[in-house]
Amino acid sequence: MPVTLKTPEQIEKMRVAGRAAAEVLEMIEPYVVAGVTTGKLDQICHDYITQKLHAIPAPLNYKGFPKSVCTSVNHVICHGIPSDKKVLKNGDSINIDVTVIVDGFHGDTSKMFFVGTPQPHALKLAQITQECLYKGIALVKPGARLGDIGHVIQEHAQKHHYTVVREYCGHGIGEVFHEEPQVLHYGKPDTGLELKEGMTFTIEPMINAGKAQTKLKRDGWTVETKDGRLSAQWEHTLAVTATGVEVLTARKEESF
Ligand code: MF3
Ligand code: CO
Ligand code: CO
């Protein structure tokens, strides 16, 4: 399947879905405290998505994923499965990744939260990873190329002696959750797909404190760092506009 270009009407639907996904991350913040389980966070998100937003949690039953959001704690890179047995404790860092479907269109976004007092090295990793996302977003406009985005992310991570996860990437998104193109978080300037108005895709860098290598757990979903060191991730869903970019999943605290 080629890369799809969305019409203004489709982009408007993506805007609604993106705002809904962002709202879930805004809503869940006060619940991320010591003693809560990731299973409880999933349940709160599920109920909010279905009952308040009248939306569909896209991960639930997606290729067999059993829950409504992904919760990735500390050395878990992505696709952590919420569990009633996983109790958050002071100092933990957690990525919550929300994807909702509204009127047939997807909004996909994630951010890092800290439980109680963040560990300074975990805070730094999360901050630099967010900067990687923002530097990628800043390059999005018609005529830019995907390699430009991957490159700026890779350079910023490496400048801080971090590594970029290579096995997982951003993706085109719309009526389909994961569609073309693949958006790598590393690369070379002036290479790769040229962006055009109407493209919609995610940027979602996963940055490790130690080595880049990943390990898939026996549950078939949970992706961890092989060396057990911390990982961080932030994600937005974007639309390429005539002159630049629109961040469809922007939260109230953000200004683009
Ligand atoms: N939201 C993830 C992404 O950013 C995908 C999760 S798929 C799931 O692409 F099945 F693990 F939920
Ligand atoms: Co995504
Ligand atoms: Co996501």
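A residue is taken as buried when its relative accessible area is under 20%, as exposed when that area is over 50%, and as partly exposed in between. By this criterion both E204 and E235 are buried in the present structure, which is a predicted model. These two glutamates belong to a metal site, in which the protein donors of the cobalt ion (ligand 2) are D108 (OD), H171 (NE2), E204 (OE) and E235 (OE), lying 2.0 to 2.2 Å from the ion. Along the chain, the donors of this cobalt ion (ligand 2) follow the spacing D-x62-H-x32-E-x30-E. E204 is found in the loop between β9 (200–203) and β10 (206–208), whereas E235 is found in the loop between β13 (231–233) and β14 (236–240), so the pair ties together parts that are 31 residues apart in sequence. The six donor atoms of the cobalt ion (ligand 2) subtend angles of 51 to 160 degrees, and the site is classed as irregular. For reference, ideal angles for six octahedral donors are 90 or 180 degrees. A second cobalt ion (ligand 3) lies 3.4 Å from the cobalt ion (ligand 2), and D108 bridges the two.

Aromatic contacts were examined next. A search of the whole structure identifies three aromatic pairs. In one of them, formed by Y62 and F177, the ring centres are 4.7 Å apart and the planes stand at 50 degrees, so the pair is tilted. This pair links distant parts of the chain, with Y62 in the loop between β1 (56–57) and β2 (70–73) and F177 in the loop between β7 (170–172) and β8 (179–183), 115 residues apart. Y62 has a relative accessibility of 23% and therefore counts as partly exposed, while F177, at 9%, counts as buried. Another pair, F65 with W221, is edge-to-face, with 5.0 Å from centre to centre and 90 degrees between the planes. Here too distant parts of the chain are linked, since F65 lies in the loop between β1 and β2 and W221 in the loop between β11 (214–216) and β12 (223–225), 156 residues apart. F65 is buried, with a relative accessible area of 2%, and W221 is likewise buried, with a value of 19%.

Charged groups also lie over aromatic rings. The charged end of R166 sits over the ring of Y186, 3.8 Å from its centre, and K111 lies over the face of F113, at 4.7 Å from the ring centre.

K111 additionally takes part in one of the 14 salt bridges that the structure holds. In this bridge the side chains of K111 and E253 meet at an N to O distance of 3.6 Å. E253 lies in the segment after β15 (245–247) and K111 in strand β5 (residues 105–114), so the contact ties together parts that are 142 residues apart in sequence. The two partners contrast in their accessibility, as E253 is exposed, with a relative accessible area of 55%, whereas K111, at 7%, counts as buried. Among the other salt bridges, D92 and K89 meet at 2.9 Å, N to O, and D92 counts as buried at 2% relative accessibility. The side chains of E224 and K217 meet at 3.8 Å, N to O; E224 is buried, with a relative accessible area of 10%, and K217, at 39%, counts as partly exposed. Finally, salt bridges that share partners join E29, K111, R251, E253 and E254 into one network.

Conventions: Residues are numbered from 1 along each chain as its sequence is written. Chains are lettered from A and ligands numbered from 1 in the order in which they are written. This is a predicted model: local features need pLDDT of at least 70, side-chain atom pairs count only at pLDDT 80 or more; totals for chains, interfaces and linings use all residues. Side-chain values use heavy atoms; hydrogens and water are left out. Rings of Phe, Tyr and Trp (its six-membered ring) pair if their centres lie within 6.5 Å; planes under 30 degrees apart count as stacked, over 60 as edge-to-face and the rest as tilted. Helices (H or I, at least four residues) and strands (E, at least two) are DSSP runs, numbered from the N terminus. Buried means under 20% relative accessible area, exposed over 50%, partly exposed in between (1.4 Å probe, protein chains only). A charge sits over a ring if NZ of Lys or CZ of Arg is within 6 Å of the ring centre and within 35 degrees of the ring normal. Donors are N, O and S atoms within 2.8 Å of the metal (3.2 Å for Na, K and Ca); water is not among the atoms, so sites may look incomplete. Four donors count as tetrahedral if all angles lie between 85 and 135 degrees; four count as square planar and six as octahedral if opposite donors are over 155 degrees apart and all others between 65 and 115; anything else is irregular. A salt bridge is a side-chain nitrogen of Lys or Arg within 4 Å of a carboxyl oxygen of Asp or Glu.
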